[in-house]
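Trainee: I should be grateful for a close look at one part of this model. Would you please take chain B and set out what surrounds it?

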Amino acid sequence: MYAFDYHRPTSVKEAANLAGQSEEAKFLAGGHTLLPTMKLRLAGPASLIDLGQIAELRGIQRSGDAITIGAMTKHAEVASSADIRAAIPALAELAELIGDPHVRNRGTIGGSVANNDPSADYPAACLALDAAIVTDKRRIAADDFFQGIFTTALDEGEIITQISFPIPAQAAYAKFRNPASRYALVGVFVAKHAGGVRVAVTGAGSNGVFRVPEMEEALSRNFAPEALDGIAVAEDEMNSDIHADAAYRAHLVGVMARRAVEAAAARD
Amino acid sequence: MTTVSLTVNGQSVTADVDSRTLLVQFLRDTLRLTGTHVGCDTSQCGACVVHLNGQAVKACTVLAVQADASVVTTIEGIAQGGELHPMQAAFREHHGLQCGYCTPGMIMSAIDIVNRKGNALDEQTIRAELEGNLCRCTGYHNIVKAVAAGAQAMAQAPLQQAAE
Amino acid sequence: MTATGIGAPVRRKEDQRFVTGQGRYVDDFNRPGQTYAYFLRSPHAHAKIRSIDTGPATIMPGVVAVFTGDDLASDKIGGLICGWMIHSKDGSPMKAGPHPALAQGKVRYVGDHVAVVIAESLAQAKDAAEAIVVDYEVLPAVVDTAEAAKASVQVHDVSPDNTVFNWHLGNREETEAAFARARHVTKIDLVNNRLVPNPIEPRAALGEYDPGTDAYTLYTTSQNPHVARLVLSAFIGVAPEHKLRVIAPDVGGGFGSKIFIYAEETVCVWAAKKVKRPVKWTSDRTEAFLADAHGRDHVTHAEMATDENGKIIGLRVHTVANLGAYLSTFSSSVPTYLYAPLLSGQYDIPAIYCEVDAVYTNTAPVDAYRGAGRPEATFVVERLVEKTARELGQDPAEFRRRNYITQFPHQTPVIMTYDTGDYAASLDKALELADYRNFQQRKQDSARRGKLRGIGFSSYIEACGIAPSQAVGSLGAGVGLWESAEVRVNPTGSVEVLTGSHSHGQGHETTFAQLVSDRLGIPIDQISIVHGDTDKVQFGMGTYGSRSGAVGMSAIAKALDKVIAKGKKVAAHVLEASEGDIEFKDGKFGVAGTDRALGFGEVALQAYIAHKFSGQDLEPGLKEGAFYDPTNFTFPAGVHICEVEIDPDTGVTRIDRWTAVDDFGVIINPMIVEGQVHGGIAQGVGQALLEGAVYDQSGQLVTASFNDYCMPRAIDLPSFQVGMTVTPCPSNPLGIKGCGEAGAIAAPPAVINAITDALGHEDVAMPATPQAVWRAAQKARMPMAAE
């Protein structure tokens, strides 16, 4: 690691002020992407602003037809939350599939969403559940938030405070893990809302998390795995690496989508 | 340098650290608690697992400054009064270790599994929950047996669980 | 059998320290005034070094010194060596290129050592390394095993076609004749994938120099500290042998990768004198991926000839073996004498011919990794046998049985004389434990759930107990491969055994103590096993090749015999009896036919106080040493059966059942032996399903972390069903064959045979990742779709 200044603010406002004072500051949430990157000297922020002591960034609330999760809420907390298990079990199950138990004890939903790793799980949930990403400045719809690999609508110094998930009628997440890293090689989140079905895919796309309108339309007509027969995502938009080429990823999107629909339908 | 104060294995410690010091480096180099090991640089192998405020974490992916005011338990801190913790005893009894390098992290993870999932653990649960710990020697067969046995033994020794 | 003697599942003595975090590994040692070394490594696979400017680094904060290859050269430090000479078919010696510890003029793989920074802290050393300016002239790289000999790129000047040697073994004419009269010939093309050993403890070295005594100490993660000392002194010339103490304390797994003498420990010892302070280096995992010696990496074409009775009559094999950018310590022996002599497997094959072309590439050096040559041989034989059985329409188990060797000793056409075995006994037991008779039922059950089930066999053999010194000497080894032991009996009757074997997970402190307890009749807690320190242990060749039981313990047994013989002399004096009348039984020295006897501890005390005999008659003391050189290799063998279930939609292969029946000869501690089997299987399954080192065409290692190189996790493996059969080994006093590598040798073909059985075709390479299996499953479906 390169040397850096460490700050530990206790309020979002203080954190934002600190960020404004340094050119090369980074926010530290759970640290499970940033710290390994810094250890390998692939990142070298001049200062780290640790969000870990900001009480207002934590907690899970159910209010009416939404679940709102503080940005510094850990994956393990989401996975074990009774409120989330009751309202959006798919979201708790997704959290339980992130990394490993130790990662889930440190990693946070806000950190994951802000990073927008193309193989991360939460971006798929945000998109499929039509979540709102709430920052210290504004409220951003998931559809507008994710803008390609490691790219989001966040401005410099803007801090995610909460993520609000509308409670769907049915939802499920099917993940095919990268055998080595445990990130999503392909993850498909399917959510049936009053206004229709949303399908979001992570891990697979060469431009990060994406929705599949054709699947959404078919499932909105008939929320059943067979509704997806004959629908395929375009191979040339899929990512390709040593673990999975584009054709395999495209195939897995179909398999995981069917499995997610099956799981969602089976909840009743 | 930043001053950190924390409780490690029941003892208060205060030290000045460079902000880039990892918790595992602080434990090994500053406190000379060398039972916590480092086996990778990508937060995967689990050789460095300790308990931070009662939860299993990878000490290679936590800054020492982040652990300020926290309670840390390492492999050196779980035996009580010269008696092995039931999970330590189970690893020995079931030959759940060979070279011993991954063992401290395995044991700390195993105790955390029991804390979260209870004392009756089936094989599939144990295998899934060991996701974050790599062993290159045992093929996991005897680790799985050890964790199951250690979990049951922990039910018989409530005092040791409470000690943390 | 006593509770702690031979055959008892004694709980390990060493575990108390390991489970409490009190193990002492190299990185746990810290010496006063210690500095930290960081190696600047080549980012290029192949480049000339036009210049290195260390100036900017030397003035960085905390920097103690910066050294390059020029500094080593000016101190006349030699290059790293390969200790096994292989001659090509034409009689020419292998072409060994220079292997400097720090690059001199050229780098040949990503991770190659360019310079070392020594600083007050590791972070400062890393900071300074970034300030070193290296002017590289980047050259094209060659990485592909099969293409290396044809490439225009030249890795070493000594080898214009990148060929290290063209070697062969067996009888070409007889083999051609067998193929000429064959009824059926089965052909196969195989890739034995490159692996990264990845013991969880990364390598480390801590060098120290004492100017008062002009002596060096090296703490190092070694499987063979005496060999390290010998090489560092006699060949590399870092320090005189008697002035260099090498300590290999607790070592966190090795699997072969810690046999070798690497650049890092060489530099740490040398630099400790240069900077007059201890120098410590601890590898991080990325460095381990880049610069630990890798394993395997063969490309093979092989053919098996059978006659009209389904009898194997010939085998011919052509292998290209990638040795990487430099010849590592034992690299040349692995694809030659540790490989081709095992190509007869468990089968009576009258004619075998094998050619091996070893090549240089711009990749990390390749050397022994758990099994070393024998997994590669077993993969060839067992894939071919399975394919032959399928092509002949025969049950794979019965085809094997029909071709098993049944008479011993058996001389194969490829050097080895198998001393004993009962292969059919292992097969029968394995078939029973695996419930083979109900396999078809299980296959149908899987099919009903949309899954493909397959079963795969592996009847492996290995040559262990490495090795008779004379024999390996005649084959090119630079060292003898005996082992030594010293048994020190203290006046109080407790015993220290100093062994040249080294334990890095094998449990020697327990197993060896069991032997001593069994022989001397003393409690196991009065026995200490001392290893891993050249200042304590007389000498030793170390631990690899499943040799510590068969060779290391045989040396201890030999020394124990001498202790007992001396004890009888002492007892004869004390009991005033004739030496010939003294019997040693159940820990007592007694006069035959009487009840007069002395306990072992009493004799030990008498030996040291020496009041009952004259110095002219008998030397005081009770301490004996022995060097044991085996008379043959040992031949552990067995049958592993793997049953898989494949999800054709995703290509995920789940191992549903694993049955292993092994014949390791006499077993000292079955708990530890079974543990060795488990670990070996896991590494073999890793090779078959998960692991593979991948270089891109420019020579960058794509799989340089656990994020991309898939290590087996608990969830990837089943519990294993392990059984034993026993034919005692006649070639050593204990009847031991060895168990350390069996699983890694047996497992890969068992897995691939199971997958190909499930899919119905042979076209599946290792690692059989989900993507690879999915694609192979697509291919299996295609003929059906065409119908």
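Mentor: The following account takes the two interfaces of chain B in turn, and then turns to chain C. Please bear in mind throughout that this is a predicted model.

Let us begin with the side that faces chain A. Here 28 residues of chain B meet 29 residues of chain A. The size of an interface is often given as the accessible area lost when the parts come together. Chain B and chain A bury about 2,300 Å² between them, and 52% of that area lies on carbon and sulfur atoms. On the chain B side, Arg20(B), Gln66(B) and Glu131(B) give up the most area to chain A, together 27% of what that side buries.

Glu131(B) deserves a second look. Besides being among the residues of chain B that lose the most area to chain A, Glu131(B) forms a salt bridge with Arg177(A), in which the closest N and O atoms are 2.7 Å apart. In total, four salt bridges are found across the interface of chain B and chain A. The count of residue pairs in polar contact between these two chains is 10. As for secondary structure, strand S3 (49-52), strand S4 (55-58) and helix H3 (103-117) of chain B each supply at least two residues to the side that touches chain A. By class, the residues of that side divide into nine nonpolar, 10 polar and nine charged.

We may now turn to the side of chain B that faces chain C. In this interface, 45 residues of chain B are in contact with 55 residues of chain C. The area that chain B and chain C bury between them is about 4,200 Å², with 53% of it on carbon and sulfur atoms. Five salt bridges are counted between chain B and chain C. One of the salt bridges in the model joins the side chains of Arg136(B) and Glu691(C), with a distance of 2.7 Å from N to O. Between chain B and chain C there are 29 residue pairs in polar contact. Helix H2 (86-93), H3, helix H4 (123-129) and helix H5 (141-156) of chain B each contribute at least two residues to the side that touches chain C. That side of chain B has 18 nonpolar, 16 polar and 11 charged residues. Helix H3 of chain B thus appears in both accounts, supplying at least two residues towards chain A and at least two towards chain C.

A single residue of chain C shows the meeting with chain B in detail. Thr20(C) is located in the loop between helix H1 (15-19) and strand S1 (35-41) of chain C. Leaving aside its neighbours within four places in sequence, Thr20(C) is in contact with Ile75(B), Glu76(B), Leu84(B) and Gln88(B). Within chain C, the side chain of Thr20(C) reaches the backbone oxygen of Arg17(C) at 3.2 Å. Is Thr20(C) buried or exposed? Thr20(C) has a relative accessible area of 13%, and it therefore counts as buried, the limit being under 20%.

The interior of the model also involves both of these chains. The largest nonpolar core has 221 residues, and those with the most contacts inside it are Phe91(B), Leu343(C), Trp658(C) and Ile755(C). Helix H18 (residues 742-759) of chain C gives the most to this core, namely 11 residues. Setting aside neighbours within four places in sequence, Ile755(C) touches Val644(C), Ile646(C), Thr653(C), Leu689(C), Val764(C), Ala768(C) and Val773(C). Apart from this core lies another, of 48 residues, which includes Ala513(C), Ile522(C), Ala559(C) and Ile582(C).

Finally, some backbone details of chain C merit attention. The peptide bond from Phe408(C) to Pro409(C) is cis, with omega near -5°, and Pro409(C) lies in the loop between helix H10 (396-403) and strand S16 (410-411). Lys76(C), which is not a glycine, has a positive phi of about 60°. Lys76(C) counts as exposed because its relative accessibility is 71%, the limit being over 50%. Arg296(C) also has a positive phi, near 65°, but Arg296(C) is buried, with a relative accessible area of 3%.

Terms used. Residues numbered from 1 in each chain as written. Chains lettered and ligands numbered in written order. Predicted model: local features only at pLDDT ≥ 70, side-chain atom pairs only at ≥ 80, totals over all residues. Heavy atoms only, no water. Core = buried A, V, L, I, M, F, W, Y, C linked by side-chain atoms within 4.5 Å. Buried < 20%, exposed > 50% of the residue type's maximum accessible area, 1.4 Å probe, protein only. Helix = DSSP H or I, 4+ residues; strand = E, 2+ residues; numbered from the N terminus. Contact = heavy atoms within 4.5 Å. Buried area = accessible area lost by both parts, 1.4 Å probe. Polar contact = N/O pair within 3.5 Å; in protein donor to acceptor, adjacent residues only side chain to side chain. Nonpolar A, V, L, I, M, F, W, Y, C, P; charged D, E, K, R; others polar.
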